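Here are a few notes to read alongside the structure. Keep the 3D view open and find each part as you go.

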Amino acid sequence: MDTAPAEEHQPSCRDLVGLLAQPDRRAAYAALALGATSVAGVAERTGLRPPAAAAALRRLTAGGIAELDAGTGAYTLRDDTFRLAVQAEVRLSGRGGGDGAGGYFRRGRLTSIPGNAEVRARVLAVVADSFDAGTTYSEAKVNAICGEWLDDWVSLRRALVDEALLRRNESGTAYERA
């Protein structure tokens with residue numbers, strides 16, 4: 001049974017730069033990096049008024065740079081956000097000026113599945129990196145991961161299987177990275 005995917009996606013380098021382009025958010029980021037964990041702590045370290053500090057923290061959290069622990073109410077920076085965004089950027093654009101795959105991504109998501117076989121293979125390889133080798137995924141989990149990349153997650157899942165990047169069991173209920 002097909003299950004609708006989650007809406008969250010990994011931010012791109014462009015997304016991260018956009019998030020930090022505003023001075024209040026840069027100040028809040030710096031305060032978190034220096035150990036602040038609350039709206040009051042960010043406000044104190046930055047000189048921002050508490051409503052401005054809270055707004056900046058909400059944007060950083062929504063953008064994937066920071067996270068809020070619902071149990072403790074503490075804000076922390078996500079250590080892997082920049083590393084993952086840079087890895088994806090290098091993979092898409094290459095160090096030598098691009099391989100054609102980057103044009104199919106916008107805001108960390110696919111815009112479409114390329115028709116050109118070489119570009120399609122590069123684009124799908126980026127998506128396949130979302131799946132860990134040796135891990136078995138339910139169809140619902142594969143749909144959710146594919147949905148983070150493209151609204152037409154069914155076609156993306158099918159493309160990953162067709163290109164032998166994912167293997168589906170005979171009953172079609174479990175998948176593994178090939």
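1. A good place to begin is what packs over helix α4. This is a predicted model, and in it the cover over the buried residues of α4 includes two helices, α2 (23-33) and α3 (39-46), along with the strands β1 (66-69) and β2 (74-77).

2. Which residues of α4 are buried? They are A53, A54, A56, L57 and L60. These five sit on the same side of α4 because they cover an arc of only 165 degrees around the axis. Turn to the other side of α4 and you will find P51, R58 and A62, which are exposed.

3. Now look at α4 along its length. The helix runs over residues 50-62, which makes 13 residues. From its first C-alpha to its last it reaches 18 Å, close to the 18 Å expected at 1.5 Å a residue. After α4 comes G64, and the phi of G64 is positive, near 90 degrees.

4. Next, the nonpolar cores. The largest one has 23 residues, and L110, F131, L156 and L160 have the most contacts inside it. Three helices give two or more residues to this core: α6 (117-128), α7 (139-149) and α8 (153-162). Of these, α6 gives the most, with six residues. Apart from this core lies another, of 18 residues, including A28, V42, A43 and A66.

5. Finally, try L110 for yourself. What is L110 in contact with, leaving aside its neighbours within four places in sequence? You should find Y104, F105, V123, V127, W149, L150 and L156.

Key: Residues numbered from 1 in each chain as written. Predicted model: local features only at pLDDT ≥ 70, side-chain atom pairs only at ≥ 80, totals over all residues. Heavy atoms only, no water. Core = buried A, V, L, I, M, F, W, Y, C linked by side-chain atoms within 4.5 Å. Buried < 20%, exposed > 50% of the residue type's maximum accessible area, 1.4 Å probe, protein only. Helix = DSSP H or I, 4+ residues; strand = E, 2+ residues; numbered from the N terminus. Contact = heavy atoms within 4.5 Å. Expected span 1.5 Å × (residues − 1). Arc of directions from axis to C-beta.
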